[in-house]
Amino acid sequence: MKFIIRFSLILFLGLAFTVISQTGCEDVKGIDGIMVRGPNGSNSVTLALSEKEVLLTATFSKTNNLAFPLEWRVSDPSLGTIVNQSSATALYRRAARTGSNIITVTDQYDNEGFATIVQQ
């Protein structure tokens with residue numbers, strides 16, 4: 001009986017050591033969010049037909065820094081595109097169509113942020 005208890009304890013401790021030693025070996029991805037804001041300070045920007053472009057800015061939602069370079073994407077390229085980007089800013093240019101376009105920005109740790117462009 002003592003043998004079984006000792007064997008079980010050794011097996012448990014060995015398994016626990018293996019699990020603990022493996023923790024932290026993977027790259028951490030996507031833990032914190034990125035805030036994407038337009039000039040109005042909101043993550044939702046409405047563009048009138050006469051408004052052609054808007055500058056978007058990405059900031060980290062925590063005290064950490066963004067992991068550059070950032071990747072900017074639009075959900076519907078027929079509504080508009082990112083025409084220029086630099087560091088934490090991107091210039092969105094709309095097409096003539098109306099609708100909503102979701103802008104997604106991702107950093108090198110797969111943290112993401114979103115903004116919505118509503119085109120009237």
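Strands β2 and β8 run parallel in this predicted model and are joined by four bridges. One of the residue pairs that bring these strands together is formed by L47 and Q119 of β8, which are bridge partners. The two strands belong to an open sheet of four strands, arranged in the order β2-β8-β7-β4, whose pairing is mixed. At the edges of this sheet stand β2 and β4, the latter covering residues 71–74, and each of these edge strands pairs on one side only. Neighbouring strands of this sheet are turned against each other by 20° on average, with direction ignored. As a general background, the strands of a sheet pair through backbone hydrogen bonds, and they may do so in either a parallel or an antiparallel way.

Another open sheet is also built from four strands, here in the order β1-β3-β6-β5, and its pairing is antiparallel. Its edge strands are β1 (34–37) and β5 (80–86), and because each has a single partner strand, one side of each is left without a neighbour in the sheet. From one strand to the next, the twist averages 25°. Within this sheet, β3 (residues 53–60) and β6 run antiparallel and are joined by five bridges, and V54 stands opposite Y92 in β6.

Two residues, one from each of these joined strands, can be followed in more detail. L56 is found in strand β3, while R93 lies in strand β6, which spans residues 89–94. Are these residues buried or exposed, or something in between? L56 has a relative accessible area of 0% and is therefore buried, whereas R93, at 40% relative accessibility, counts as partly exposed, because the partly exposed class lies between 20% and 50%.

The table lists one pair of residues for each of them, with the separation in sequence and the C-alpha to C-alpha distance.

| Pair | Apart in sequence | Apart in space, C-alpha to C-alpha |
|---|---|---|
| L56 and V45 | 11 residues | 9.4 Å |
| R93 and E51 | 42 residues | 9.1 Å |

Leaving aside residues up to four places away in sequence, R93 touches K52, E53, G80, T81 and V83. With one of these, E53, the side chain of R93 makes a polar contact through the side chain of E53, at 2.6 Å. Under the same exclusion of residues up to four places away, L56 touches V36, R37, G38, W72, A88, T89, A90, Y92, I103 and I117.

Several of these names return in the nonpolar core. Which members of the largest nonpolar core touch the most other members? They are L56, W72, Y92 and I117, out of the 19 residues in this core. At least two residues of the core are supplied by each of β1, β2 (44–47), β3, β6, β7 (99–106) and β8 (112–119), and β3 gives the most, with four residues. In soluble globular proteins, nonpolar side chains tend to be buried together.

A careful reading also takes account of the confidence of the prediction. The mean pLDDT of the protein chain is 84, and 73% of its residues reach 70 or more. Over residues 19–26, however, pLDDT stays under 50, and for this stretch the model has zero contacts beyond four places in sequence. Where pLDDT is low, the predicted coordinates should not be read in detail.

Technical notes: Residues numbered from 1 in each chain as written. Predicted model: local features only at pLDDT ≥ 70, side-chain atom pairs only at ≥ 80, totals over all residues. Heavy atoms only, no water. Buried < 20%, exposed > 50% of the residue type's maximum accessible area, 1.4 Å probe, protein only. Contact = heavy atoms within 4.5 Å. Polar contact = N/O pair within 3.5 Å; in protein donor to acceptor, adjacent residues only side chain to side chain. pLDDT = per-residue confidence, 0-100. Pairing = 2+ DSSP bridges. Axes fitted to C-alpha atoms, helices over the stretch in contact; angles between N-to-C directions. Core = buried A, V, L, I, M, F, W, Y, C linked by side-chain atoms within 4.5 Å.
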